[in-house]
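Reader: I've got a small chain open in my viewer and I'd like to learn how to read it properly. Can you walk me through it?

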Amino acid sequence: MTDKQMKEGPQNGGGDAKPKLKPCCACPETKKVRDACIMEKGEAACGDLIEAHKECMRGLGFNI
């Protein structure tokens, strides 16, 4: 490991404290209830849960 790598920290370059998430792994709490609602009641009946999941994703920096 070079001196530069040691100063930068882990492989993420040292600039970000949070690891970069993939969209499929972000917001598991809202995703689970949203998906269950859609399966049981259909997309039209779950607008509030869909919006809650979108808001969570936006909060993590995803462009939804």
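Author: Sure, we'll take confidence, helices, contacts and disulfides in turn. Keep in mind that this is a predicted model.

Reader: Let's start there. What is the mean pLDDT of the chain, and which element has the lowest value?

Author: pLDDT is the predictor's confidence in each residue. Here the chain has a mean of 81, and 70% of its residues reach 70 or more. Helix H1 (residues 3-8) has the lowest mean pLDDT among the elements, 43, while H2 has the highest, 98. Over residues 1-17 the pLDDT is below 50, and that stretch has three contacts in the model beyond near neighbours in sequence.

Reader: Okay, on to helices. How do I check the length of H2 against what it should span?

Author: Use the rise per residue. At 1.5 Å a residue, the 14 residues of H2 should span 20 Å, and the end C-alpha atoms are indeed 20 Å apart. H3 (residues 47-59) passes too: its 13 residues should span 18 Å, which agrees with the 18 Å between its end C-alpha atoms.

Reader: And how do I read the sides of a helix? Which residues of H2 are buried?

Author: The general idea first: an α-helix has 3.6 residues a turn, so residues three or four places apart point the same way. In H2 the buried residues are Thr 30, Arg 34 and Cys 37. Viewed down the helix axis, the buried residues of H2 fall within an arc of 65°, so they line one face. The face turned away from them carries exposed residues: Lys 32, Met 39 and Glu 40.

Reader: What about H3, which residues are buried there and which are exposed?

Author: Ile 50, His 53 and Met 57 are buried in H3. Down the axis of H3, the buried residues again sit within an arc of 65°, so they line one face of the helix. On the other side of H3 you'll find Asp 48, Glu 55 and Gly 59 exposed.

Reader: What covers those buried residues?

Author: Look at the two helices together. The cover over the buried residues of H3 includes H2 (28-41), and what covers the buried residues of H2 includes H3.

Reader: Can we zoom in on one residue of that packing? What is Thr 30 in contact with?

Author: Thr 30 lies in helix H2 and counts as buried because its relative accessibility is 19%, with the cut-off for buried at under 20%. Setting aside neighbours within four places in sequence, Thr 30 is in contact with Ala 52, His 53 and Cys 56. There's a polar pair to look at as well: a polar atom of the Thr 30 side chain lies 3.3 Å from the backbone oxygen of Cys 27.

Reader: What happens in the backbone just after each of these helices?

Author: Check the phi angles of the glycines. Just after H2, Gly 42 takes a positive phi of about 95°, and just after H3, Gly 61 has a positive phi of about 100°.

Reader: Where does Ile 64 lie, and what does it touch?

Author: Ile 64 lies in the segment after H3. Not counting residues up to four places away in sequence, Ile 64 touches Lys 54, Met 57 and Arg 58. At 47% relative accessibility, Ile 64 counts as partly exposed.

Reader: Now the cysteines. How many disulfides are there, and which residues do they join?

Author: A disulfide is a covalent bond between the sulfur atoms of two cysteines. The count here comes to two. Cys 27 and Cys 56 form one, with their sulfur atoms 1.9 Å apart. That pair links distant parts of the chain, 29 residues apart: Cys 27 is in the loop between H1 and H2, and Cys 56 is in H3. The other joins Cys 37 to Cys 46, S to S 1.9 Å. Counting bonded cysteines along the chain, the pattern is 1-4, 2-3.

Reader: Are the links left-handed or right-handed?

Author: Read the torsion about the S-S bond. For Cys 27 and Cys 56 it's about -95°, so that disulfide is left-handed. The link of Cys 37 and Cys 46, at -90°, is left-handed.

Reader: Are the bonded cysteines buried or exposed?

Author: Cys 27 counts as buried at 4% relative accessibility, whereas Cys 56 is partly exposed, at 25%. Both Cys 37 and Cys 46 are buried.

Reader: Why is Cys 24 not bonded to Cys 25?

Author: The distance settles that one. The sulfur of Cys 24 is 3.5 Å from that of Cys 25, its closest cysteine sulfur, which is too far for a bond; the cut-off is 2.5 Å. Cys 25 is in no disulfide, and at 47% relative accessibility Cys 25 counts as partly exposed.

Key
Residues numbered from 1 in each chain as written. Predicted model: local features only at pLDDT ≥ 70, side-chain atom pairs only at ≥ 80, totals over all residues. Heavy atoms only, no water. Helix = DSSP H or I, 4+ residues; strand = E, 2+ residues; numbered from the N terminus. Expected span 1.5 Å × (residues − 1). Buried < 20%, exposed > 50% of the residue type's maximum accessible area, 1.4 Å probe, protein only. Arc of directions from axis to C-beta. Contact = heavy atoms within 4.5 Å. Polar contact = N/O pair within 3.5 Å; in protein donor to acceptor, adjacent residues only side chain to side chain. pLDDT = per-residue confidence, 0-100.
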